[in-house]
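Please open the structure in your viewer and keep the sequence panel beside it. This tour suggests what to select at each stop and says what is there.

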Amino acid sequence: MKKVLKIIGIILLVLLLIVLIHTIRNYIILSKLSGEISMYKNSNNYNAKFVTDFDNGNTVIMDYYKKDNKQAMFMERKFDGEIVKLSFYDNGERVNMYTESGSSKTVVQNTESLMSIQIFNGLEFDENNNSFTNFLISSIAFIRSEKCDNQDCYRFINILAMFNKDNSDTWIINKETGLPVKSLNKESTVNREYKFNCVEDSIFTEPDISEYKLLEN
């Protein structure tokens with residue numbers, strides 16, 4: 001009996017050691033990724049482009065630009081063969097939304113529809129969390145290295161989410177920048193691209209409003 005208990009104890013000790021090594025490795029990786037992306041989070045000049053391909057064949061392309069207090073976002077939605085284009089312009093005081101669908105062209109002025117696109121890589125690991133929270137996140141993370149679009153990346157998924165079909169987001173994150181390259185879930189794949197200090201004022205020039213039908217807000 002003592003021999004059996006000793007063997008069980010050794011097995012448990014080995015398992016605990018494996019979990020500890022797994023957690024420490026993940027903690028180091030997540031700390032590095034969080035530190036790298038923090039350099040970009042407060043940027044006032046960047047372009048973020050997301051291309052979402054849904055499993056049903058539909059596609060959404062979103063191109064977002066920010067420079068100081070100005071923002072612009074261009075969306076193209078391809079649903080069931082129909083293409084709708086949306087353009088949002090925010091000059092820091094008001095937002096205008098232009099829509100093109102087939103031969104229809106409309107505009108809504110002073111709308112509040114534009115949402116800022118924040119720099120985020122899908123990780124809940126954060127320097128503002130307490131150490132226990134970050135340690136817990138590290139312990140339930142599954143991280144592996146892989147190439148994506150010729151970039152050295154980490155594939156990240158929360159182990160608990162792997163057993164939850166309704167919440168199984170996978171993030172592929174550039175090792176050097178901490179920026180996301182791609183995210184996947186059960187319904188779609190999102191390819192992500194970021195550019196910094198490249199946005200010119202010309203991108204915020206609005207279309208000729210006389211070509212659009214004015215709609216009430």
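Begin by selecting Lys195, which counts as partly exposed because its relative accessibility is 42%, where buried means under 20% relative accessible area, exposed over 50%, and partly exposed in between (1.4 Å probe, protein chains only). The model is a predicted one, in which local features need pLDDT of at least 70 and side-chain atom pairs count only at pLDDT 80 or more, while totals for chains, interfaces and linings use all residues. Residues are numbered from 1 along each chain as its sequence is written, and side-chain values use heavy atoms, with hydrogens and water left out.

**Stop 1: charged pairs**

Keep Lys195 selected and add Glu193, since the side chains of these two residues meet in a salt bridge at 3.9 Å, N to O; a salt bridge here is a side-chain nitrogen of Lys or Arg within 4 Å of a carboxyl oxygen of Asp or Glu. Glu193 is partly exposed, with a relative accessible area of 40%. Side chains of opposite charge can pair when their charged atoms come close.

How many salt bridges does the count by this rule come to? The count comes to nine salt bridges, and another one to select joins the side chains of Lys78 and Glu76, at 3.6 Å from N to O. Lys78 is partly exposed, with a relative accessible area of 36%.

Now select Arg144, Glu146 and Arg155 together, as these three residues are linked in a network of salt bridges. Within it, the closest N and O atoms of Arg144 and Glu146 are 3.5 Å apart. Is Glu146 buried or exposed? Glu146 is buried, because its relative accessible area is 18%, whereas Arg144 is partly exposed, with 39%.

**Stop 2: the nonpolar cores**

Next, select Phe50, Met73, Met75 and Ile117, which are the residues with the most contacts inside the largest nonpolar core, a group of 19 residues. A nonpolar core is a set of buried Ala, Val, Leu, Ile, Met, Phe, Trp, Tyr and Cys residues joined through side-chain atoms within 4.5 Å. The elements that give two or more residues to this core are strand 1 (45–54), strand 2 (59–67), strand 3 (70–79), strand 4 (82–90) and strand 11 (188–196); strands (E, at least two residues) and helices (H or I, at least four) are DSSP runs, numbered from the N terminus.

Stay with Phe50 and display what surrounds it: leaving aside neighbours within four places in sequence, Phe50 is in contact (heavy atoms within 4.5 Å) with Val60, Ile61, Met62, Ile117, Val190, Asn191, Arg192 and Tyr194. Apart from the largest core lies another, of twelve residues, among them Leu33, Ile137, Tyr154 and Ile173.

**Stop 3: a loop residue and its contacts**

Select Ile203, which lies in the loop between strand 11 and strand 12 (213–215) and is partly exposed, with a relative accessible area of 25%. Which residues does Ile203 touch, not counting those up to four places away in sequence? Ile203 touches Tyr65, Ala72, Phe74 and Tyr89. Add Lys66 as well: the C-alpha atoms of Ile203 and Lys66 are separated by 9.6 Å, although the two residues are 137 residues apart along the chain.

**Stop 4: two asparagines**

Asn197 also belongs to the loop between strand 11 and strand 12, and has a positive phi of about 55° although it is not a glycine. Asn197 counts as exposed, at 67% relative accessibility. Then move to Asn150, in the loop between strand 7 (141–148) and strand 8 (151–158), where a positive phi of about 65° is found although Asn150 is not a glycine. Asn150 counts as exposed too, at 78% relative accessibility.

**Stop 5: the cysteines**

Select Cys148 and Cys153, and look at their sulfur atoms. Why is there no bond between Cys148 and Cys153? The sulfur of Cys148 is 5.1 Å from the closest cysteine sulfur, that of Cys153, and is therefore too far away for a bond, as a disulfide is a pair of cysteine sulfur atoms within 2.5 Å. Cys198 is in no disulfide either, the nearest cysteine sulfur, in Cys153, being 20 Å away. By this rule the count comes to zero disulfides. Cys148 is buried, with a relative accessible area of 6%, whereas Cys198 is partly exposed, with 36%.
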